[in-house]
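Thanks for coming. I will go through one model this morning, element by element, and then stop.

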Amino acid sequence: MSLETFDADWLALRESADHRSRAGGMLTPLRDWWSEPGRTRVLDLGAGAGSNLRYLAPELSGPQEWTLVDHDQGLMSRARPPVPELAVSTHCQDLREGVGALVGRADLVTASALLDLVSEAWLSALADVCSEARAGALFALSYDGRVEWSGEADPADAAVLTAVNRHQRGDKGFGAALGPSAGPAADEAFRAHGYRTWLLPSPWVLESADTELVRALVDGWADVAMERLPGERARVREWADARSEDIAEGRVRLTVGHWDLLALPPDEGGP
Ligand SMILES: C[S@@+](CC[C@H](N)C(=O)[O-])C[C@H]1O[C@@H](n2cnc3c(N)ncnc32)[C@H](O)[C@@H]1O
């Protein structure tokens with residue numbers, strides 16, 4: 001299976017919704033843990049154009065050395081450090097080749113909008129290597145399968161969502177993807193290693209100010225639904241136009257569910 005590629009414009013379009021949706025409730029335990037002596041190295045898997053770096057680096061104190069990993073060097077070349085004193089390097093690699101050596105040199109392993117693409121086996125191997133390295137883990141914005149339109153339902157909402165969620169579980173290069181199960185599966189995998197975890201919702205709540213993002217999202221969903229339901233192409237096209245207009249005109253709000261997970265290793269000498 002080939003590698004999944006992502007468009008820089010799409011990543012830029014979603015960045016402000018991603019940042020404002022992240023679960024602030026995990027920042028206090030993360031900062032308390034991070035502030036212990038010797039913790040400086042952050043590994044960002046599937047870093048893309050650096051959105052996670054731009055969100056997280058200003059939330060962490062002290063010196064930070066970031067390593068961004070992605071198979072797409074073009075995307076990573078867009079990642080600018082959000083604070084000048086930050087050390088940021090990039091490592092162009094296919095994550096399927098294994099990340100044990102990189103994780104072994106990290107204090108905190110992070111990713112955003114990645115876990116729903118990976119397989120259960122890949123996630124389990126990641127939890128194993130994080131545990132061996134006693135690294136903390138923070139995985140943001142894993143899609144949870146829930147999409148809600150406020151107000152009156154459109155008859156096509158459910159059919160499109162079913163098609164999208166089936167597509168989410170398809171192979172994105174790692175084998176069958178975890179899709180909507182990614183957040184709870186990661187929670188379980190890290191708990192099995194004795195980690196303390198915080199699994200918190202981080203939904204996108206999108207309104208008329210997000211019209212451009214919703215248009216792109218709905219068009220992407222419509223493409224998936226039309227591929228799976230070729231007999232329903234006209235109905236799905238109408239649905240996409242109507243739903244985009246609903247948002248643009250301020251008639252409805254769209255909520256797209258995600259999970260953020262913080263997993264911190266058991267204390268040294270503890271259980
Ligand atoms: C949805 S994007 C998220 C990017 C970024 N973390 C963000 O929040 O904007 C997923 C990222 O994972 C990367 N990716 C997907 N499969 C990969 C693989 N097998 N090896 C390396 N990177 C991969 C893509 O290139 C893309 O940058």
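**Strands, a helix pair and the ligand shell**

I start with strand β1, residues 41–45: four of its five residues are buried, so β1 is largely enclosed by the rest of the structure. Before going on, please keep in mind that this is a predicted model.

β1 pairs with strand β2, residues 65–70; the two run parallel and are joined by five bridges. One residue to look at here is V42, which sits in β1. Across from V42, in β2, is W66. Is V42 buried or exposed? The count for V42 is 27 other C-beta atoms within 10 Å, and the cut-off for buried is 20 or more, so V42 is buried. If we ignore neighbours within four places in sequence, the contacts of V42 are Q64, W66, A106, L108 and T110.

Next, strand β8, residues 254–264. β8 is mostly covered, with nine of its eleven residues buried. Which strands pair with it? I will take three.

The first on my list is β5, which runs antiparallel to β8 and is joined to it by eight bridges. In that pairing, W149 has L254 of β8 as its bridge partner. Then there is strand β6, residues 196–201, which pairs with β8 over six bridges, again in the antiparallel sense. Here P201 is bridged to W259 of β8. Last is strand β7, residues 204–206, antiparallel to β8 with three bridges. V205 stands opposite T255 of β8.

Now two backbone oddities. L141, within strand β5, has a positive phi of about 60° and is not a glycine. L141 has 29 C-beta neighbours inside 10 Å and therefore counts as buried. R134 is not a glycine either, and its phi is positive at about 50°. Where is R134 found? It is in the loop between α6, residues 120–133, and β5, residues 136–149. R134 has 14 other C-beta atoms within 10 Å; buried needs 20 or more and exposed 12 or fewer, so R134 falls in between, as partly exposed.

On to the helices. Two packed helices are described by the angle between their axes and the distance between the axes. For helix α7, residues 157–168, and helix α9, residues 211–228, the angle is about 90° and the axes are 9 Å apart. The range for roughly perpendicular is 65 to 115 degrees, so α7 and α9 are roughly perpendicular to each other. On the α7 side, the contact is made by A159, V160, A163, V164, R166 and H167. From α9 come W221, V224, A225 and R228. By class, this contact of α7 with α9 has seven nonpolar residues, one polar and two charged.

For a sense of scale, take A163 from that contact and go back to V42. Their C-alpha atoms are separated by 36 Å, and the two residues are 121 residues apart along the chain.

Finally, the ligand. How many residues are around the ligand, and which of them come nearest? There are 22, and the nearest are G46, G48, S51, L95 and S112. The elements giving two or more residues to this shell are α1, residues 8–21, and α3, residues 51–56. Sorted by class, the shell consists of nine nonpolar, seven polar and six charged residues.

That is the end of my list. I am happy to take questions.

Technical notes
Residues numbered from 1 in each chain as written. Predicted model: local features only at pLDDT ≥ 70, side-chain atom pairs only at ≥ 80, totals over all residues. Near = placed C-beta within 6 Å. Nonpolar A, V, L, I, M, F, W, Y, C, P; charged D, E, K, R; others polar. Axes fitted to C-alpha atoms, helices over the stretch in contact; angles between N-to-C directions. Parallel < 35°, antiparallel > 145°, perpendicular 65-115°, else oblique. Contact = placed C-beta atoms within 7 Å. Pairing = 2+ DSSP bridges.
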